[in-house]
Amino acid sequence: MAAAGTAAGPAGPEPMPSYAQLVQRGWGSALAAARGCADCGWGLARRGLAEHAHLAPPELLLLALCALGWTALRSAATSRLFRPLAKRCRLQPRDAAKMPESAWKFLFYLGAWSYSTYLLFGTDYPFFHDPPSVFYDWKTGMAVPRDIAVAYLLQGSFYGHSIYATLYLDAWRKDSVVMLIHHVVTLVLIISSYAFRYHKVGILVLFLHDISDVQLEFTKLNVYFKSRGGSHHRLHALAADLGCLSFSLSWFWFRLYWFPLKVLYATSHCSLRSVPDIPFYFFFNALLLLLTLMNLYWFLYIVAFAAKVLTGQVRELKDVREYDTAEALSPKPSKAEKPLRNGLVKDKRF
């Protein structure tokens with residue numbers, strides 16, 4: 001197995017490919033790698049884990065403790081900040097029940113995306129402008145820079161918390177099963193990419209995905225706040241409409257344009273040029289491809305919602321994820337926010 005990548009890359013950043021070039025070169029590289037793998041199987045996988053995976057038990061323990069910390073912090077923020085805010089703003093009971101979840105996610109993703117933006121554009125890391133560089137000088141067990149390690153700890157522990165939250169805290173939706181799969185895949189990618197020292201490409205993946213979550217939760221919050229205190233607030237309604245448009249455009253641009261052409265191209269094609277025998281090539285590319293397919297799955301819902309708006313089937317933006325569980329039939333608050341709804345229903349002002 002290769003012990004290191006190339007000492008340096010090309011003289012300048014490689015131009016971003018087209019979709020056709022991604023398919024042609026990525027598929028060609030994968031086929032060549034499959035043909036050249038004479039001893040592929042469980043034996044190679046076990047040797048690869050033993051030789052290239054570097055993840056100490058204390059690091060896993062710290063990850064688990066931080067995941068518990070996120071859960072405790074969310075509980076405290078919901079009871080002491082989000083619920084009182086919903087009550088003070090006199091949100092409608094249904095909106096008040098859903099607001100804490102969106103507020104929690106908005107604050108996390110805003111902070112996480114801001115930090116990854118700083119790493120990619122406020123430091124000397126060239127990963128965004130030159131994605132193939134994520135594999136230059138790759139070495140087994142290479143040191144992970146502290147600033148990237150911090151991002152990995154925060155993101156990995158949050159997705160560990162998110163798996164629990166999807167099952168027991170968040171409102172159950174039509175896409176919750178896919179969301180649960182997404183969280184599991186993301187957590188596996190974060191932990192395994194850290195262990196195999198693919199942390200450079202990991203930061204790029206996180207940056208390209210978190211921006212959509214920021215805009216989604218921002219839009220939902222404005223949807224909840226536009227009808228409060230018994231009146232309609234135009235500023236929040238406008239922000240919700242603009243947020244929905246921005247969310248739809250950024251989803252395509254970041255997740256379906258930049259992500260495959262920057263990340264998948266680098267991992268499926270460029271990685272083999274820098275490290276011909278790169279460990280777990282098929283495993284990581286399969287997970288990244290699955291992530292791409294889930295992004296496409298959700299984008300189809302976005303397109304379907306836009307079509308309903310354009311055809312007049314939906315005249316007012318009530319929830320940017322229109323495909324949520326049919327709440328009109330049996331509205332159910334999230335498990336964590338049930339006490340909030342009960343309290344607001346008993347409030348005579350509502």
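This section describes a nonpolar surface patch and the salt bridges of a predicted model.

The structure is a predicted model, in which local features require a pLDDT of at least 70 and side-chain atom pairs count only at pLDDT 80 or more, whereas totals for chains, interfaces and linings use all residues. Residues are numbered from 1 along each chain as its sequence is written, and side-chain values use heavy atoms, with hydrogens and water left out.

A nonpolar patch on the surface is formed by Y164, L167, Y168, W172, V177, I181, L289, L290, L293, L296 and L300, which together have about 1000 Å² of accessible area. Patches consist of residues with over 30% relative accessible area and no salt bridge; like charges are joined within 9 Å, and nonpolar side chains (Val, Leu, Ile, Met, Phe, Trp, Tyr) within 5 Å. Accessible areas come from the Shrake-Rupley method with a 1.4 Å probe, and for residues only the protein chains shown count as cover. Two or more patch residues are given by each of the helices α5 (146–168), α6 (176–195) and α9 (281–310); helices (H or I, at least four residues) and strands (E, at least two) are DSSP runs numbered from the N terminus. Helix α9 supplies the largest share, five residues. Y164, located in helix α5, is partly exposed at 39% relative accessibility; buried denotes under 20% relative accessible area, exposed over 50%, and partly exposed the range in between (1.4 Å probe, protein chains only).

Seven salt bridges were found in a search of the whole structure, a salt bridge being a side-chain nitrogen of Lys or Arg within 4 Å of a carboxyl oxygen of Asp or Glu. One of them joins the side chains of R273 and E14, at 2.6 Å from N to O. Because R273 lies in helix α8 (residues 234–274) and E14 in the segment before α1 (19–35), this pair ties together parts that are 259 residues apart in sequence. R273 is partly exposed, with a relative accessible area of 42%, while E14 is buried at 19%.

A further salt bridge connects R173 and E101 (3.0 Å, N to O). R173 belongs to the loop between α5 and α6 and E101 to helix α4 (residues 93–121), so the pair ties together parts 72 residues apart in sequence. R173 is buried, with a relative accessible area of 6%, and E101 is buried at 2%.

The side chains of R255 and D213 also meet in a salt bridge (3.2 Å, N to O). This pair links helix α8, which holds R255, with helix α7 (residues 199–225), which holds D213, across 42 residues. Both R255 and D213 are buried. In addition, salt bridges that share partners join R74, E101, K105, D170 and R173 into one network.
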